[in-house]
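Here's a quick tour of how the side chains pack in this one. Have a look at the model before reading on.

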Amino acid sequence: MDPTPARPDRVSLPVACLIAGVASIAAAALLDKSALAISLILSVLCALGAVRPGASWRRLLCVNLVVLLAIFAVAEVALSFDPVARSEGRDLVGYTLPDERLSYAPARDFETTYRRYAGDVLVYDVIYSIAANGLRVAPPHRPEADECILFFGDSFMFGEGLMNEETLPYRVGIELGGAYQIHNFGFHGYGPHQMLAALELGVVDEAIACKPRFVVYQGAAFHIDRAAGLSSWEKGGPRFEPTDEGFVEYRGRWDPTRFEYPAWLTAVFESSHVLGKIPSAHRPSNEDDYLRYLGILETTRRLVETRFPGAEFHVVFWDVPEDRTVADLVARSFRIVRVSEILTDRGEFPEKYRLHELDGHPNALAMAQIAAHLAKLLDAARQTAPPGQRTPDHAEP
């Protein structure tokens, strides 16, 4: 009787490494994904460790690592089919420049075309025009208009994906018939800390030649993270710290190197759909960050009312149901406009007010409706102001 063939109790390590090497090279060459290639190498080596005889804890560890790496590989392949966002246009280089006071800012006296794609789908195709004062172009105003409205905020206020005349500040100026000069200090990725820095550090003084009558800030809950210096795209932004009195004080700039990684690690991140999210990840905002955010708004309101006598500070807030921030701002007697009370069907039909199903920035319809509401509010405030603070009745420019 022939003896039963013995089962091999180990896999050749050179053969496993050869398989892993071939698989990784194929992944890197065909998929251009070094992170996926690395995961394949590790999968093969962990599988080798799982089948080789030895300590049970080591084999169990290898089995679990194989499962995790397999999940990672599946996620990488699945996400590779999602549309990749990219930007094209004329004169994109030089559009955004470093700024010592605000971290970054648009180039002055600059115009660029800007097309945004998700895969092969065109999301928007617009023109961004920046005036000589470093702000997006304003609507016409009456020659005698010596008062102005200052607008602050992020890409929503700047008007990402919108033509110059479709932005919220521009529409408000038209709605008010040119009674005020309009100045749009919003920009991509900004937060309330840029607003306060612009007011405290001379950016506003350099950009305007008028008397501010209204200052309008557009905010949202995600600005809490930005004000805490947690945005990965912002290098060395203005830093404000809370005081015992509920305000904030300027403390210079956040450490610009806190989100920097070694070049080789950055390359791995950029090659991966899963790991690519790590550079933009940050710790959750905490109660100190929340108090900083409220303190920035409190300090801004105080600064506006003391530096510009008769001026009013208004907040346009993109709220969500049971929004704690809105409740606290109301309790602190802020003049607040809730977007949910203007775009009343936004929760049911969010796509109605988006640029595109692949881009959540508000579209021209959303801005037109908010502008109409805000213009009526500001006009009513003008009409009820003391006689010495009223501006002439407006008319179409």
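What follows covers the nonpolar core, the aromatic rings and the charges that sit over rings.

## Before you start

This is a predicted model, so to speak only of what it supports, local features need pLDDT of at least 70, side-chain atom pairs count only at pLDDT 80 or more, and totals for chains, interfaces and linings use all residues. Numbering runs from 1 along each chain as its sequence is written, and side-chain values use heavy atoms, leaving out hydrogens and water.

## The core

The largest nonpolar core (buried Ala, Val, Leu, Ile, Met, Phe, Trp, Tyr and Cys residues joined through side-chain atoms within 4.5 Å; buried is under 20% relative accessible area with a 1.4 Å probe, protein chains only) has 82 residues. I149, F152, V172 and F185 have the most contacts inside it.

Take F152: beyond its neighbours within four places in sequence, its contacts (heavy atoms within 4.5 Å) include F185, M195, L199 and Y217.

## Aromatic rings

There are 17 aromatic pairs (Phe, Tyr or Trp rings, using the six-membered ring of Trp, with centres within 6.5 Å) in the structure. Y114 and Y128 make a tilted one (planes neither under 30 degrees nor over 60 degrees apart), at 5.4 Å centre to centre and 40 degrees between the planes. Y114 is buried at 17% relative accessibility, and Y128 is buried at 0%.

Both tyrosines belong to one aromatic cluster, which also includes Y95, F110 and Y190.

## Charges over rings

R302 lies over the face of F247, 3.9 Å from the ring centre (the cut-offs are Lys NZ or Arg CZ within 6 Å of the centre and within 35 degrees of the ring normal). The charged end of R324 sits over the Y290 ring, 3.9 Å from its centre.

How values were computed: Buried means under 20% relative accessible area, exposed over 50%, partly exposed in between (1.4 Å probe, protein chains only).
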